[in-house]
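Please look over the sequence and the model shown here before turning to the notes on the ligand site and on aromatic packing.

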Amino acid sequence: MTLLAQLAEAVATGTIEVVDLTAPLSHETPILRLPEPFDNTVHFELREISRYDERGPAWYWNDIVTGEHVGTHFDAPVHWITGRDGEDVAQVAPQRLIAPAVVLDASDRAATDPDHLLQVEDVREWEAKHGPLPDGGWLLYRTGWDARSGDQAEFLNANETGPHTPGVSAECAKWLAEQTPLRGLGVETVGTDAGAAHGFDPPFPCHSYMLGAGKYGLTQLRNLDRLPTRGAVLIAAPLPIVGGSGSPVRVLALVEREG
Ligand code: 23J
Ligand code: MN
């Protein structure tokens, strides 16, 4: 059998499980809310064109209204000023959209501290236990935040001091961007940066350093608890929006199961 025939058979029989890491897209899908004076994205929306009616007797279809950065989505380098000369989302080579992924689980700490920040030493510790970060792969940062994704207020967890969601320290973001062979960072929260990251130095360090280094972001992932610490392969397929800064993305993980 060819390699591809083996893959198809393994998927068909469940020897390779396909785990969907994508949040469902609807008007209720939580979105980012930046504070004044910044402009914000819109909620996802379906606009019905016809539904087996006088507008189209035999067919149902919709227009969609969405931001690029709505729901589970892909951040392209050009999204940030540091990556302005880098790739837009349509320029990302398809070969780079299939890559290994590892999972770093900080859900215990995020449960007691919603402002929990990943530090370089946490990743170092993870590497000592689980091996090196994958060359050209994804680091998936599990925080348990996907459990809140059914509700915008719980998901953003904002109070009078702003949003409180876990993320990555500025030092760690710089290190991940510049000192590791990662292709990108995937998170369960609304963006790759912590809720409080507008006040970091630099502001939004994950966006700033990762996208500035030509790396990618994936947000609002779910089902990371169904992935092995290492060994999964991710297929992340953003729409080729010409000139776009990002796109809603379907993220599928291939996971090998025992016999
Ligand atoms: C624009 C400004 C700040 C942030 C973001 C977008 C995102 O999180 C995003 O979706 O890229 S933090
Ligand atoms: Mn984004």
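The report below deals with a predicted model, taking the surroundings of the ligand before the aromatic pairs.

## The ligand site

The space that ligand 1 takes up is the largest pocket of this predicted model. Around ligand 1 stand Leu32, Leu34, His69, His73, Asp75, His79, Trp80, Gly191, Phe204 and His207, a shell that divides by class into 4 nonpolar, 5 polar and 1 charged residues.

## Polar contacts to the ligand

Three of the surrounding side chains can be described through their distances to oxygen atoms of ligand 1: a polar side-chain atom of His73 lies 3.1 Å from an oxygen atom of the ligand, a polar side-chain atom of His69 lies 3.3 Å from one, and an N or O atom in the side chain of Asp75 is likewise 3.3 Å from an oxygen atom of ligand 1. Of the 320 Å² of accessible area that ligand 1 has on its own, the protein covers 88%.

## Aromatic pairs

The structure contains 5 aromatic pairs, one of which is described here. In the pair formed by Phe74 and Trp138, the ring centres are 6.4 Å apart and the planes meet at 80°, and because planes over 60 degrees apart count as edge-to-face, the pair is assigned to that class.

Phe74 belongs to strand E4 (residues 73–75), whereas Trp138 belongs to strand E7 (residues 138–142), so their pairing ties together parts of the protein that are 64 residues apart in sequence.

Definitions and conventions. Residues numbered from 1 in each chain as written. Chains lettered and ligands numbered in written order. Predicted model: local features only at pLDDT ≥ 70, side-chain atom pairs only at ≥ 80, totals over all residues. Heavy atoms only, no water. Near = heavy atom within 4 Å. Polar contact = N/O pair within 3.5 Å; in protein donor to acceptor, adjacent residues only side chain to side chain. Areas by Shrake-Rupley, 256 points an atom, 1.4 Å probe, with all protein chains shown as cover. 1 Å grid on protein atoms, 1.4 Å probe; cavity = no way out; pocket = protein on both sides within 12 Å on 5 of 7 lines; lining within 4 Å. Sits in = over half its atoms within 2 Å of the grid points. Nonpolar A, V, L, I, M, F, W, Y, C, P; charged D, E, K, R; others polar. Phe/Tyr/Trp six-rings, centres within 6.5 Å; stacked < 30°, edge-to-face > 60°. Helix = DSSP H or I, 4+ residues; strand = E, 2+ residues; numbered from the N terminus.
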